[in-house]
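Student: Could you take me through one part of this model up close, the metal site, and then carry on to the DNA next to the protein?

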Protein chains: 2
Amino acid sequence: MKDTTPIQLKEIGLKITPQRQAILKLLKGNETHPSAESIYSEISKKFPGISFATVYNTLSKLIEAGEIRELDIDPNKRRFDPCVAPHTHFYCQACGNIFDISHDFHLPLTIKRIDGHQVDVVQLNLKGVCKNCRKIP
Amino acid sequence: MKDTTPIQLKEIGLKITPQRQAILKLLKGNETHPSAESIYSEISKKFPGISFATVYNTLSKLIEAGEIRELDIDPNKRRFDPCVAPHTHFYCQACGNIFDISHDFHLPLTIKRIDGHQVDVVQLNLKGVCKNCRKIP
DNA sequence: TCATAAATTATAATAATTATAAAATAAGAA
DNA sequence: TTCTTATTTTATAATTATTATAATTTATGA
Ligand SMILES: [Mn+2]
Ligand SMILES: [Mn+2]
Ligand SMILES: [Zn+2]
Ligand SMILES: [Zn+2]
């Protein structure tokens, strides 16, 4: 039988717990850019007793370890992305969904300095009305 | 004596009140990208009785009218910018200050559609450690 | 001056997130 | 395998930012 132990946790110095495994599994390959709330709701199905603190704590640790990243695009809540490679996002102001944009806008991704400031993160955010919401007038 | 009446309010269909005049005056030319809290604190000096609701209400009206805009860059609070012309921002993760970046990154400012989505806003956000915070190790 | 819609205020409510401390548990040592 | 302990989870409270409500006040135009 295939070993499904998520070695990622061990690698970043975290204890392997069922809750963390579930959160990691939910995130892996997830392209919805979930919020803490949506992660909590989903995980609750399998772990009815999980607490919000565990979700937030785990997300913080994963961000620290560089396994996931946080987006600054939803004005109402934190949103998370398991894909840490740089890419553009589109936020729908009607439904709140976030879409990956694969088009290359030739961003200054390697810039390390500007106006004397040290640049660590570069984010291009687009906002408007998504494909789906445009249909429903 | 010079007329200092802010005609902007009348123009956008809002009643001229001392509170609104003060908020508008504080915003005009302000490059600090203030939060509701910082606006409230500052205005309170002249209007000790002003309420947070007035600050938020006024900001909402001004955004609606396109007189100011809101940034999605500070993960903790809403930040406002009286300059509505498109420009890049830098957020310091150490001190929370936001700086305007005048360098032209050739953003797709005229794009109206991508992947079927209707694009209304384009924001380029840089984050890291600002000039001032780098000095204090 | 007066009528009235709009704005302001005090206050409560909501939503997201963070803090605290006790109980549970993963993981390595014995 | 059992023991030990630091880590993690949970329940709960606290905090912070923002929005909602309703009574009072005020700007504005007749
Ligand atoms: Mn993404
Ligand atoms: Mn600006
Ligand atoms: Zn949508
Ligand atoms: Zn700084």
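Tutor: Let's fix one term before we start: a residue is called buried when its relative accessible area is under 20%, exposed when it is over 50%, and partly exposed in between. Keep in mind that this is a predicted model. Now for the metal. The manganese ion (ligand 1) is held by three histidines and two aspartates of chain A: A:His33, A:His87 and A:His89 each coordinate through NE2, while A:Asp81 and A:Asp100 use OD, all at 2.0 to 2.3 Å. Read along the chain, these donors follow the spacing H-x47-D-x5-H-x1-H-x10-D. Take the last two: A:His89 sits in strand S3 (residues 88-92) and A:Asp100 in strand S4 (residues 98-101), 11 residues apart. Their surroundings don't match, either: A:His89 has a relative accessible area of 2%, so it is buried, whereas A:Asp100, at 29%, counts as partly exposed.

On to DNA strand C. It has 20 residues around it, the closest being A:Ile16, A:Tyr56, A:Arg78, B:Thr17 and B:Thr54. Sugar or phosphate makes up 81% of the strand's atoms within 4 Å of the protein, and bases supply the rest. On the phosphate side, a polar backbone atom of A:Arg78 is 2.6 Å from a phosphate oxygen, and a backbone N or O atom of B:Ser51 lies 3.1 Å from a phosphate oxygen. For a base contact, look at A:Lys15, whose side chain puts an N or O atom 3.3 Å from a base nitrogen. Helix H4 (52-64) of chain A, plus helices H2 (18-27) and H4 (52-64) of chain B, each give two or more residues to this surface; H4 of chain B gives the most, with 4 residues. By class, the surface has 7 nonpolar, 7 polar and 6 charged residues.

Note on methods: Residues numbered from 1 in each chain as written. Chains lettered and ligands numbered in written order. Predicted model: local features only at pLDDT ≥ 70, side-chain atom pairs only at ≥ 80, totals over all residues. Heavy atoms only, no water. Donors = N, O, S within 2.8 Å, 3.2 Å for Na, K, Ca; no water. Buried < 20%, exposed > 50% of the residue type's maximum accessible area, 1.4 Å probe, protein only. Near = heavy atom within 4 Å. Polar contact = N/O pair within 3.5 Å; in protein donor to acceptor, adjacent residues only side chain to side chain. Nonpolar A, V, L, I, M, F, W, Y, C, P; charged D, E, K, R; others polar.
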